Amino acid sequence: MPEGVTAADVVNNYLTAIGGVEKLQKLTATQTIMQAEMAGLPAPITVTVAKKVPGYYVEIQEIPNMFKQKRLYAKGKGYAESPQGNSEIEDEEELAELERS
């Protein structure tokens with residue numbers, strides 16, 4: 001990093017380049033897709049996280065033709081799907097974590 005440039009400068013310049021904090025605060029939905037290859041797996045693992053404000057969240061972890069797991073949150077309720085079965089999420093700490101996500 002050039003001398004005299006701080007991390008705050010980098011973040012502020014980025015925010016300015018994308019239209020400012022006001023535009024960022026207007027976002028109502030995001031989706032992030034991450035993919036990784038791991039030794040011994042027949043295909044890459046994909047993790048998809050989608051959020052919509054207020055109060056909607058989904059996380060999907062998947063290895064094609066092998067494994068798929070989901071956690072969903074909407075309006076105070078949570079739901080999980082996995083190879084071991086499907087269930088409502090009732091643990092208050094996990095629900096709070098999903099709500100914050």
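R71 is buried in this predicted model, its relative accessible area being 15%, a value that falls under the 20% limit for burial. This arginine is found in strand β4, which covers residues 67-74, and E59, E94 and E97 are joined with R71 in a network of salt bridges. A search of the whole structure finds three salt bridges, and the pairs are set out below with the separation of their closest N and O atoms.

| Salt bridge | Closest N and O atoms | Separation in sequence |
|---|---|---|
| E59 with R71 | 3.7 Å | 12 residues |
| R71 with E94 | 3.1 Å | 23 residues |
| E97 with R71 | 3.5 Å | 26 residues |

The partners of R71 can be described by their burial and by the elements that hold them. E59, in strand β3, is buried, with a relative accessible area of 14%, and its bridge to R71 in strand β4 links distant parts of the chain. E94 counts as partly exposed because its relative accessibility is 25%, which lies between the 20% limit for buried residues and the 50% limit for exposed ones. E97 is likewise partly exposed, at a relative accessible area of 37%. Because R71 lies in strand β4 and E94 in helix α3, their salt bridge ties together parts that are 23 residues apart in sequence; the bridge between E97, also in helix α3, and R71 in strand β4 ties together parts 26 residues apart.

E59 also has a place in the surroundings of V49, a residue of strand β2. The C-alpha atoms of V49 and E59 are separated by 4.5 Å, although the two residues are 10 places apart along the chain. When neighbours within four places in sequence are left aside, the contacts of V49 are T30, Q31, T32, M34, Y57, V58 and E59. V49 counts as buried because its relative accessibility is 14%, below the limit of 20%.

V49 belongs to the largest nonpolar core, a group of seven residues whose other members are Y57, Y73, A80, I89, L95 and L98. Among these members, Y73 touches Y57, L95 and L98, and its contacts beyond four places in sequence also include G55, Y56, G78 and E99.

Turning to open space, the largest pocket holds about 160 Å³. Its lining consists of 14 residues, of which K51, K52, V53, Y56 and S101 are the closest to its centre. Two or more lining residues come from each of the elements β1 (29-36), β2 (45-52), β3 (56-63) and α3 (92-100). What is the make-up of this lining by class? The lining of the largest pocket has seven nonpolar, four polar and three charged residues.

Several of these elements recur across the description. Strand β2 holds V49 and gives residues to the lining of the largest pocket, while helix α3, another contributor to that lining, carries E94 and E97, both of them salt-bridge partners of R71. Y56, one of the residues closest to the pocket centre, is also among the contacts of Y73, itself a member of the largest nonpolar core.

Definitions and conventions:
Residues numbered from 1 in each chain as written. Predicted model: local features only at pLDDT ≥ 70, side-chain atom pairs only at ≥ 80, totals over all residues. Heavy atoms only, no water. Core = buried A, V, L, I, M, F, W, Y, C linked by side-chain atoms within 4.5 Å. Buried < 20%, exposed > 50% of the residue type's maximum accessible area, 1.4 Å probe, protein only. Contact = heavy atoms within 4.5 Å. 1 Å grid on protein atoms, 1.4 Å probe; cavity = no way out; pocket = protein on both sides within 12 Å on 5 of 7 lines; lining within 4 Å. Points joined across faces, edges and corners; volume = space filled by probe spheres on them. Helix = DSSP H or I, 4+ residues; strand = E, 2+ residues; numbered from the N terminus. Nonpolar A, V, L, I, M, F, W, Y, C, P; charged D, E, K, R; others polar. Salt bridge = Lys/Arg side-chain N within 4 Å of Asp/Glu carboxyl O.
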